[in-house]
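Reader: Hey, got a minute to go through this one with me? I'd like to start with how the helices pack.

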Amino acid sequence: MKNSNQRTMISQVKESGILSPLIIVAILLTVMLILKPNYLAATNVFVLVKVLTITAMVGFSQMIIMAIGGLNISVGAIGALSAIIAGGAMDRLGVPAFSALIIGILVGVACGVVNGLLIYRAGGVGPAFFLITLATASLFQGINLTITSGNPYYGIDSKFMAYGDTQLFGLPLSFFYMLLVGLLIWFMFSKLAIGRQFLAFGANPKAAELYGISKFRVVLYASIIAALVAAIAGMIAMIRIKTAQPNMGSDWMLLSFAAPLIGGTKLNGGKVNVAGCLLGAIALTIISNGLVHLAVDVFWNTLIYGTVILLSVMVDQFNLAGMLRRKR
Amino acid sequence: MQLAKKAFRHELTSVILPLVILFLALIVSSPGFLSAYNITSQLQSITIYMIIGLAQMTALSLGHLNLAIGSIGSLTSILMGYSMQEMGVPVLPALLIGLVVATICGFFQGLLITRSRISPFIISLALLSIYKGIGVVISRGVPFDGLPDAIKLFNRAKAGVVPVTFFVALATAIMVYIIFRYSKTGLRVEATGANPRAALYSGIQVKSTVVIGHSLSGLLCGIAAIIQTARFGSAQISVGDDWMLTSFVVAVLGGTLLSGGKASTVGAVLGSVLMVLINNALILWNVNTYMFPAILGIVLLSAYEVDRGRLNLIKRQSELEIDNEK
């Protein structure tokens, strides 16, 4: 990186691997602006940002697990369980807002510990992630339903909403929390030893272990951090819909994979791209919001989401950015 | 002791033992368990679980997953309903259409996995939405409930207490057993799952084997979809809603190796019986239905644990034998 100051900005963008998601976002925005000239009006941006915040957080959570070569089916179940227990504490037990927030986040951490220990016990690589989180997703969801009997909690403390609903520069505060979380994750992966260890382990678990990186630590810490981010996403989602819904995270699984994949993070591990993941989340948000704006029948949503994921991964395979470079 | 250890090493022990214990516990605790009504209704559940368990087992033996199992079932049901109700296709051709659609869904999944370098997990995840999405768009969320009576009759037909659909499931299981035990295709699928590179070097057409395996998995989803549609008495999008998790539980309980390379048809059949008995026990013992997912999660986790215990024992035993020979 010594000669980075000599590079042009464009080549820096290419190096960072965010060119493909950037192009996707630009195309989507252009299309929306042509179809709806006032698409980026302040009110719509406000709506976009609220949805984006949650999608990006969910994507970050998945990206951390993808970095170590794993995947996490239980992102939504963790987010929902944290929100339900925090919401239930406020509604039923009258716990003050701040304590409820701490409780919710601790629940997320506990879920992460359960995931991490079980995944390590099942081998810590490859299919262990899928199998264990498939089971724990069912477990967490079952605990959630047993507590709530499927009914939402409405008695959320208004102070709790203020944590994320207050505005800053005309945008909800939760958006800035999301940016902060993204920044911290970026910092972890690029500057901290543990982040480096995650990536090394993700790239080649056996080599990383021979090099003295503890598999136990990597799997456990990554699971905890990912669950923590999912729990924060659950808190923000609760602030957004002003209730604690038991079925809250049911549509998070697809989004959680889509955002980092569009953003150039590989499922094989060893590589992350925080900015790309954020751009991926922006693309997904524009698509879902655009479908509403263009009055597309809601029945099309599932089909379109699936197609977008497949296409975006295929685009990545053809290496859009690489093709542009070669043409020049 | 020696015998006990030998029995524990056998792969089916981990499913037969809980099966027998649970069966006896149910007989003792719930007089309603052996009633004709309960037996028929449990056999109907086993039918579906067995077939989707086999579908997942086929994908697992390739070393892949089939997350789209439920969506293939959903799309198949919708297309059958559409062709019967909106296009007036007679029952048998409509069922054939369903089977063909399901096979094509699996075929397409296999094709994408082999022709692109995208991870099979992501392809399956995307197809999960795409297949379901097509079904939703066609049906607009409304069930096709004007199906011919023959469909409902198929569900109600019984031989004694045994529903006819159960025989269909058994026939399907026997077909799958023969494929994996006696045909070259089954051997190729298992070899590919165990080690794709070694399979390639020993002259197996790995790519077409993967496509065939996924097509078979799709076909099985189609059979399950037909039976579920008959059970509902209408073709609807909710066919296949809880199949994904269930199919994994059945295959895992049955001892199919999750890393690929081994299919246990008998295990999957017994796994489906165990799964249904667990469900039945929860209902007969008046367990809160909201707790079911949590219990299912714990069952799955304990199945992994048993699997691991057995593998460790086998490993230790073989090490001991090697030491003895020295």
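Author: Sure. One term before we begin: a crossing is called right-handed if the near helix is turned clockwise from the far one by less than a right angle, and left-handed if anticlockwise. Also, keep in mind that this is a predicted model.

Reader: Ok, so what's the handedness of the crossing of H5(B) and H6(B)?

Author: Right-handed. The axes of helix H5 (residues 91-115) and helix H6 (residues 120-139) of chain B come within 10 Å and cross at roughly 145°.

Reader: Which residues make that contact?

Author: From H5(B) there are B:Cys105, B:Gln109, B:Leu112 and B:Ile113. H6(B) brings B:Pro120, B:Ile123, B:Ser124, B:Leu127 and B:Tyr131. By class that is 7 nonpolar and 2 polar residues, with no charged ones.

Reader: Now H4(B) and H12(B). What's the angle where they cross?

Author: Roughly 125°, with the axes of H4 (residues 69-85) and H12 (residues 243-253) of chain B coming within 7 Å. The two helices are therefore oblique to each other.

Reader: And who meets whom there?

Author: B:Ile69, B:Gly70 and B:Gly73 on the H4(B) side meet B:Trp243, B:Met244 and B:Ser247 on the H12(B) side. This contact has 3 nonpolar and 3 polar residues, and no charged ones.

Reader: Let's zoom out. How many helices and strands are there in chain B?

Author: Chain B has 14 helices and 2 strands. Its C-alpha trace spans about 75 × 55 × 35 Å along the principal axes.

Reader: What about the radius of gyration of chain B?

Author: Chain B comes out at 20 Å, and a compact globule with 326 residues would be near 20 Å, so the two agree. Of those 326 residues, 48% count as buried. If you take the contacts in chain B between residues at least 6 apart in sequence, 79% of them join residues at least 24 apart.

Reader: Same rundown for chain A?

Author: Chain A has 15 helices and 2 strands. The radius of gyration of chain A is 20 Å, close to the 20 Å from the globule rule for 328 residues, so chain A is as compact as a globular protein of that length. The box that its C-alpha atoms fill is roughly 65 × 55 × 35 Å along the principal axes. In chain A, 50% of the 328 residues count as buried. Contacts between residues 24 or more positions apart make up 78% of those with a separation of 6 or more.

Reader: On to the interface. How many residues of chain A are in contact with chain B?

Author: 34 residues of chain A, and they touch 37 residues of chain B. Helices H6 (127-148), H12 (252-262) and H14 (301-318) of chain A are the elements that give two or more residues to the chain A side.

Reader: Which one gives the most?

Author: H6(A), with 13 residues. Across the whole chain A side, the split is 23 nonpolar, 11 polar and no charged.

Reader: Where does B:Tyr290 sit?

Author: B:Tyr290 is in the loop between helix H13 (265-284) and helix H14 (292-325) of chain B. Setting aside neighbours within four places in sequence, B:Tyr290 is in contact with A:Leu145, A:Thr146, A:Ser149 and A:Gly150. B:Tyr290 has 18 other C-beta atoms within 10 Å, so it counts as partly exposed. From B:Tyr290 to B:Leu79 it's 32 Å, C-alpha to C-alpha, with their positions 211 residues apart in sequence.

Reader: I also want to check odd backbone angles. What's the phi of A:Lys242?

Author: Positive, about 60°, although A:Lys242 is not a glycine. A:Lys242 lies in the loop between helix H11 (215-241) and H12 of chain A. It counts as exposed because it has 12 C-beta neighbours inside 10 Å, and 12 or fewer is the cut-off for that class.

Reader: And what's phi for B:Arg140?

Author: Near 50°, again a positive value in a residue other than glycine. B:Arg140 is in the loop between H6 and helix H7 (149-156) of chain B. With 10 other C-beta atoms within 10 Å, B:Arg140 is exposed.

Reader: Last one: where is A:Val113?

Author: In helix H5 (residues 97-121) of chain A. A:Val113 counts as partly exposed, with 14 C-beta neighbours inside 10 Å. The C-alpha atoms of A:Val113 and A:Ala222 are separated by 9.7 Å, although the two are 109 residues apart along the chain.

Definitions and conventions: Residues numbered from 1 in each chain as written. Chains lettered and ligands numbered in written order. Predicted model: local features only at pLDDT ≥ 70, side-chain atom pairs only at ≥ 80, totals over all residues. Contact = placed C-beta atoms within 7 Å. Helix = DSSP H or I, 4+ residues; strand = E, 2+ residues; numbered from the N terminus. Nonpolar A, V, L, I, M, F, W, Y, C, P; charged D, E, K, R; others polar. Rg over C-alpha atoms; globule rule 2.2 N^0.38 Å. Buried ≥ 20, exposed ≤ 12 C-beta atoms within 10 Å, placed from the backbone. Axes fitted to C-alpha atoms, helices over the stretch in contact; angles between N-to-C directions. Parallel < 35°, antiparallel > 145°, perpendicular 65-115°, else oblique.
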